[in-house]
Amino acid sequence: MLYWPKLDDSANNIVAYVVSNGPVTMYRVARDLNLHFSHAYRKSKKLEDSGLLTSIGGPRASLYDATVRGLLYAYVAKLASREIILKKLREMLGLHLFSLEEVESFIKFFLTVANKEAPVGSLATMVSYILDKCGSDYTRCMANLDERDRVLASRVMAYGIIKLIHNFFGDSLVVADEGYYAIVKLSTRQLLAVQCKLCGREKYCSLDPCPSLKDIIEVKLRDASRLVPAF
């Protein structure tokens, strides 16, 4: 389970207000929550240190908003509207193509896998963590989710994995079968990474891929797209 700081009522109220209304100045938070300004600013500093809030600007004119961790905390603690929280998570994680239900199912999945040291931030960070914990067969970690959440979370995971590949390899394509796994950079037609068993033993041969593997991948790419030149 993710580590959550122990917050008193006024800190929770600040988080709830910022989640629901942010970005917002701490002056407005203090005024609307009927808190002394110095008390609100002290609390905001602790909430920033805990990774729940972030601010932009000068000491008095800073705009405060919730981080992804802060939104997850608000979701777990039910501090604000579920719809508001999920809309902000969708925006911050770059999941604009997905419904709020899909975003929520992914969040539920992440929370079931995450331990207290789990990194929380970008979609790539969270998906990488899940893959590190669960392996490529990440669906085995979904046992505690109902069938609907498993389906919806899997859609976001698949998108996140594709984003990871593009983050690291750019215009690349994964080509895999039982005997090999290759990542092909399309612009240069270069094999960036290969794990291959075609020669009878498992090896990584990205620096000198064998002709038989090149021939196989050439056929695969030609079948997938007539626009990709042969090796």
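Biologist: At roughly what angle do the axes of helix 4 and helix 6 cross?

Modeller: First, the ground rules. This is a predicted model, in which local features need pLDDT of at least 70 and side-chain atom pairs count only at pLDDT 80 or more, while totals for chains, interfaces and linings use all residues. Residues are numbered from 1 along each chain as its sequence is written, and side-chain values use heavy atoms, with hydrogens and water left out. Now your helices: the axes of helix 4 (residues 68–77) and helix 6 (residues 100–113) cross at roughly 90° and come within 12 Å. Axes are lines fitted to C-alpha atoms over the stretch in contact, with angles from 0 to 180 degrees between N-to-C directions. The pair is therefore roughly perpendicular, a label for 65 to 115 degrees.

Biologist: Which residues of helix 4 and helix 6 make the contact?

Modeller: Leu72, Tyr75 and Val76 come from helix 4, and Glu104, Ile107, Lys108, Phe110 and Leu111 from helix 6. Contact means heavy atoms within 4.5 Å. Beyond its neighbours within four places in sequence, Ile107 touches Leu72, Tyr75, Leu89, Leu93 and Met126.

Biologist: Which residues touch the most other members of the largest nonpolar core?

Modeller: A nonpolar core is a set of buried Ala, Val, Leu, Ile, Met, Phe, Trp, Tyr and Cys residues joined through side-chain atoms within 4.5 Å. In the largest one, of 55 residues, they are Leu72, Leu89, Phe106, Ile107, Phe109 and Phe110. Another core of 10 residues lies apart from it, with Val175, Leu191, Cys196 and Ile217 among them.

Biologist: Is Ser105 in helix 6 buried or exposed?

Modeller: Buried means under 20% relative accessible area, exposed over 50%, and partly exposed in between (1.4 Å probe, protein chains only). Ser105 has 1% relative accessibility, so Ser105 counts as buried. Setting aside neighbours within four places in sequence, Ser105 is in contact with Asp149, Leu152 and Ala153. Across the chain, 38% of the 231 residues count as buried.

Biologist: How many helices and strands are there in the chain?

Modeller: The chain has 9 helices and 7 strands; these are DSSP runs numbered from the N terminus, H or I of at least four residues for helices and E of at least two for strands. Take Val174 in strand 4 (residues 172–177). Val174 is partly exposed at 30%, and its contacts outside the four-place window are Ile165, Tyr181, Ala182 and Ile183. From Val174 to Val184 the C-alpha atoms are 6.4 Å apart, although 10 residues separate the two in sequence.

Biologist: Which cysteines form a disulfide?

Modeller: A disulfide is a covalent bond between the sulfur atoms of two cysteines, recognised here when those atoms are within 2.5 Å. The structure holds 1 disulfide, between Cys134 and Cys141, with sulfur atoms 2.2 Å apart. Its S-S torsion is about -120°, so the disulfide is left-handed. Cys134 is buried at 2%, whereas Cys141 is partly exposed at 22%.

Biologist: Where is a cis peptide bond, and which residues have a positive phi?

Modeller: Most residues other than glycine have a negative phi, and most peptide bonds are trans. Here, a cis bond joins Gly22 and Pro23, with omega about 0°. Pro23 sits in the loop between helix 1 (9–21) and strand 1 (24–25). Asn34 has a positive phi near 60° and lies in the loop between helix 2 (26–33) and helix 3 (37–49). Lys78, in the loop between helix 4 and helix 5 (82–92), has phi near 55°. Asn34 is exposed at 72%, and Lys78 is exposed at 73%.

Technical notes. Parallel < 35°, antiparallel > 145°, perpendicular 65-115°, else oblique.
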